[in-house]
Amino acid sequence: MDNFYGLAVDTLVVLTTIVLLLSAYALGDRWLSERSEARVQRIRGRQGALLRDFLAGRITQDAVQLRMRLRREIARGVLLQEAGRLPHAERGRLRQLYGVLGLQQRDLAQLRERSPLRRASAANRLGFLGSEDVKPAVRALLDDPDLDARLAAAQALVELGDADAAPLILSAIVLRGEWPLRRGTEILMALGPAVILPLRGFLRAGPAQGSPGEVVAINVLGLLESQAALPELLQCMQHTDLELRVASAKALGAIGGAGAMPALELALGDQQWEVRSMAAKALGRLRDAAAGDALHASLADPAWWVRYNAAQALYDIGERGIALLQASSKHNADRFARDISRQVLEEHGGDPVRAGETMWA
């Protein structure tokens, strides 16, 4: 019994000692980590001050390069932080430092890393700070099997102002679904008017396939209100794909122009109600009284949304459209046309002053 008791006490002492040692190790490790993090923060602060002095012209590139070279991994983060505060056109001196510190070459090499996260991170850094020379390597990442890496490459090319890469971006990142279409549109819109010519070329490159990329190209051209793109959009209005016709009708409503209204009036007779509905909404946005008769005829459309958008469009085009609505609400031979005319007039309180204020979406 005494032996058992002694063994239990010895075991307890050993376990207690192990626990105390582990606790001491954990506390020591935490202390060292905190000291290391504090040291990194001090270095980051000094490097940030150096960069700001450099950008202000108070110290030379050689001086800042010499002092940042010893901690290049920290320098990379500081360069990115400072670059994020500047428009791309004003990052020239930071890009020079990024290159002479050897960081651009490191990130180019990381585009071939096995980890998709590392490839994507390298692309992001190259977009912020890379020179013109990095564009081919970043374009190559658009063929990456990982979607996040492709998205990072697309965003980097936009940061680099590579509008000619737009067709490659469309093929690489735009998939079926609402989110990919919206994200692709946001990315390409950041390129501004420079993207118009490449997108027109993309739509002309071959027979339209009804791909998500083509839908995004049409959306962007419409948002940019590109009159120059009317020939391509009018061609897409004839395509068999429903999404292309809907997107083209919406874009034509945003752009307007001599060719837009006839094509939209023709689309009011499309076999698909979604196209007819968007065409009616687009005609309302054009606010051309000449579309009144075509919209009036659509008040009797079999699809409720077409009737509703046609009635809203008539209200939007102003005095003549409102008069047609008022007449239709009383005398139209079609019961549905009378009902929708009354509904829209009631929604607007019968007040012609509000004509043209309906939402465009």
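The legends below describe an overall view and several close-up views of a predicted model.

**Figure 1. Overall view of the predicted chain.** The chain has 361 residues, of which 43% count as buried. Its secondary structure comprises 20 helices and zero strands. The exposed surface of the chain amounts to about 19,000 Å², and 56% of this area is supplied by carbon and sulfur atoms. When contacts between residues at least 6 apart in sequence are considered, 65% of them join residues at least 24 apart.

**Figure 2. Confidence along the chain and the stretch 351–361.** The chain has a mean pLDDT of 84, and 83% of its residues reach 70 or more. Over residues 351–361, by contrast, the pLDDT is below 50. Beyond near neighbours in sequence, this stretch nevertheless has 24 contacts in the model. Where pLDDT is low, predicted coordinates should not be read in detail.

**Figure 3. The aromatic cluster of Trp 304, Trp 305 and Tyr 308.** The structure contains three aromatic pairs. In one of the pairs, the ring centres of Trp 304 and Trp 305 lie 5.0 Å apart with the planes at 80°, so this pair is edge-to-face. In another, the rings of Trp 304 and Tyr 308 have centres 4.9 Å apart and planes at 10°, and the pair is therefore stacked. The two arrangements follow from the cut-offs for the plane angle, since under 30 degrees counts as stacked and over 60 as edge-to-face. Trp 304 and Tyr 308 are four residues apart in helix α18 (residues 304–316), so about one helical turn separates them. The members of the cluster also vary in accessibility: Trp 304 is partly exposed at 36% relative accessibility, Trp 305 is partly exposed at 46%, and Tyr 308 is buried at 15%.

**Figure 4. Arg 335 over the ring of Phe 336.** This view shows a charged group and an aromatic ring. The charged end of Arg 335 sits over the ring of Phe 336, at 4.5 Å from the centre of that ring.

**Figure 5. Gly 256 in the loop between α14 and α15.** Helix α14 spans residues 242–255 and helix α15 spans residues 260–267, with Gly 256 in the loop between them. Gly 256 has a relative accessibility of 7% and therefore counts as buried. Apart from neighbours within four places in sequence, Gly 256 is in contact with Gln 227, Leu 230 and Leu 286. A further position shown is Ala 282, which lies 26 residues from Gly 256 along the chain. The C-alpha atoms of Gly 256 and Ala 282 are separated by 8.9 Å.

**Figure 6. Asp 144 in the loop between α7 and α8.** The loop that holds Asp 144 lies between helix α7 (135–140) and helix α8 (147–159). With a relative accessibility of 8%, Asp 144 counts as buried. The side chain of Asp 144 reaches the backbone nitrogen of Asp 146 at a distance of 2.8 Å. Once neighbours within four places in sequence are set aside, Asp 144 is in contact with Arg 119, Ala 149 and Arg 150.

Notes
Residues numbered from 1 in each chain as written. Heavy atoms only, no water. Phe/Tyr/Trp six-rings, centres within 6.5 Å; stacked < 30°, edge-to-face > 60°. Buried < 20%, exposed > 50% of the residue type's maximum accessible area, 1.4 Å probe, protein only. Helix = DSSP H or I, 4+ residues; strand = E, 2+ residues; numbered from the N terminus. Lys NZ or Arg CZ within 6 Å of the ring centre and 35° of its normal. Contact = heavy atoms within 4.5 Å. Areas by Shrake-Rupley, 256 points an atom, 1.4 Å probe, with all protein chains shown as cover. Polar contact = N/O pair within 3.5 Å; in protein donor to acceptor, adjacent residues only side chain to side chain. pLDDT = per-residue confidence, 0-100.
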